[in-house]
Amino acid sequence: DAASTGLVIVAAGYLLWSLAQSRSVSTRPVSQPVSGLTIPAEKIRHIRGTGATALVEFTDYECPFCGAYARETAPLIHENFVKRGLISEVVLSFPLEEIHRHARRASVAVECAHRQGKFWDLHDGLFRSSGPLTDASIVAAGVDAGLEASEFSRCLVEGRSSEVDSDLNEGRRLGVTGT
C-alpha cells in the first residue's frame, strides 16, 4: 500500500501544473517541456480545492481510462492533496466523439449539472455508474446526483454545447490529443 501511495505521489507530482495568481492554469502535455502555456481564467468553470497548484484534467466520460482514473486514482489525489489545500483540481471536457458515441452528451449533462450547482456530483456519478454510457444512464446519473429533473431534461434538450466546444478548443490549442 505504501508503494502504491508513493506511485500516486510521484504521478501527481509529475502531472501538477502551477495555478498563477491570476487564476490561470499552466498546463502542458506530459511529453512536452513546460513552455508557458496557460488556460485563461474565464475558461475554468470546474475547480475543486484551494491549492495554488492545479491538476488539470481533460476528460471524456465514456473513456475507460478516464473512468479508471476517476475511480482509482482521483480519490487518492483528492484525499491526499486537494482536501489538504495542496492542489486544486480543474476539469475540462474533451469528448472523443469519433470513438465514444455518448461522450459529448455526457459532457453537456455535466454542464447542465453545473447550472444547478452539482457539477462534481454528476462528474463523479457518471464515472461511478456501471455498464455502458447511454442516454438513459446519463439521465439516471443526473437523478442520482440530485438534479431537478425537469430543469435537467430541459437543459439536455437545449444543450450546453458551447461550453463543451470551448473546452475542446482549449485542449486542442494546448496540443491535447487524447484524455
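**Exercise 1. State the order of helices and strands along the sequence of this predicted model.**

Solution. Step 1: count the elements; the protein has 7 helices and 6 strands. Step 2: read them along the sequence, which gives α-β-β-β-β-β-α-β-α-α-α-α-α.

**Exercise 2. Describe the protein as a whole by burial, contacts and surface.**

Solution. Step 1: take burial. The protein has 179 residues, and 45% of them count as buried. Step 2: take the contacts with a separation of 6 or more. Residues 24 or more positions apart account for 75% of these. Step 3: take the surface. The accessible surface comes to about 9,200 Å², and carbon and sulfur atoms hold 55% of that area.

**Exercise 3. Work out how helix H3 is oriented to helix H7, and which residues make the contact.**

Solution. Step 1: locate the helices. H3 covers residues 103–115 and H7 covers residues 161–173. Step 2: note the geometry. Their axes come within 8 Å and cross at roughly 115°. Step 3: classify the angle. Angles of 65 to 115 degrees count as roughly perpendicular, so H3 is roughly perpendicular to H7. Step 4: give the hand, which is right-handed for this crossing. Step 5: list the residues. H3 supplies Arg104, Ser107, Val108, Glu111 and Arg115, while H7 supplies Ser161, Glu163, Val164, Asp165, Asp167 and Leu168. Step 6: sort them by class; the contact of H3 with H7 has 3 nonpolar, 2 polar and 6 charged residues.

**Exercise 4. Repeat the analysis for H3 and helix H6.**

Solution. Step 1: locate H6, which covers residues 149–158. Step 2: note the geometry. The axes of H3 and H6 come within 9 Å and cross at roughly 135°. Step 3: classify the angle. H3 is therefore oblique to H6. Step 4: give the hand; the crossing of H3 and H6 is right-handed. Step 5: list the residues. On H3 they are Arg105, Val108, Ala109 and Cys112, and on H6 they are Phe152, Cys155 and Leu156. Step 6: sort them by class. The contact of H3 with H6 has 6 nonpolar residues, no polar residues and 1 charged residue.

**Exercise 5. Repeat the analysis for H3 and H4.**

Solution. Step 1: note the geometry. The axes of H3 and H4 come within 7 Å and cross at roughly 150°. Step 2: classify the angle. An angle over 145 degrees counts as roughly antiparallel, so H3 and H4 are roughly antiparallel to each other. Step 3: list the residues. Ala106, Ala109, Val110, Ala113 and His114 of H3 meet Phe119, Leu122, His123 and Leu126 of H4. Step 4: sort them by class. The contact of H3 with H4 has 7 nonpolar residues, 2 polar residues and no charged residues.

**Exercise 6. Is Trp120 buried or exposed, and what does Trp120 touch?**

Solution. Step 1: place the residue. Trp120 lies in helix H4, residues 119–128. Step 2: look at the helix. H4 is mostly covered, with 7 of its 10 residues buried. The buried residues of H4 are Phe119, Trp120, Leu122, His123, Gly125, Leu126 and Phe127. Step 3: apply the cut-off. Buried means under 20% relative accessible area; Trp120 has 17% and is therefore buried. Step 4: list the contacts. Leaving out residues up to four places away in sequence, Trp120 touches His46, Ile47, Arg48, Glu89 and Val91. Step 5: add a distance. Trp120 and Ala145 are 25 residues apart in sequence, and their C-alpha atoms are 8.9 Å apart in space.

Key: Residues numbered from 1 in each chain as written. Predicted model: local features only at pLDDT ≥ 70, side-chain atom pairs only at ≥ 80, totals over all residues. Heavy atoms only, no water. Helix = DSSP H or I, 4+ residues; strand = E, 2+ residues; numbered from the N terminus. Buried < 20%, exposed > 50% of the residue type's maximum accessible area, 1.4 Å probe, protein only. Contact = heavy atoms within 4.5 Å. Areas by Shrake-Rupley, 256 points an atom, 1.4 Å probe, with all protein chains shown as cover. Axes fitted to C-alpha atoms, helices over the stretch in contact; angles between N-to-C directions. Parallel < 35°, antiparallel > 145°, perpendicular 65-115°, else oblique. Left-handed = near helix turned anticlockwise from the far one by under 90°. Nonpolar A, V, L, I, M, F, W, Y, C, P; charged D, E, K, R; others polar.
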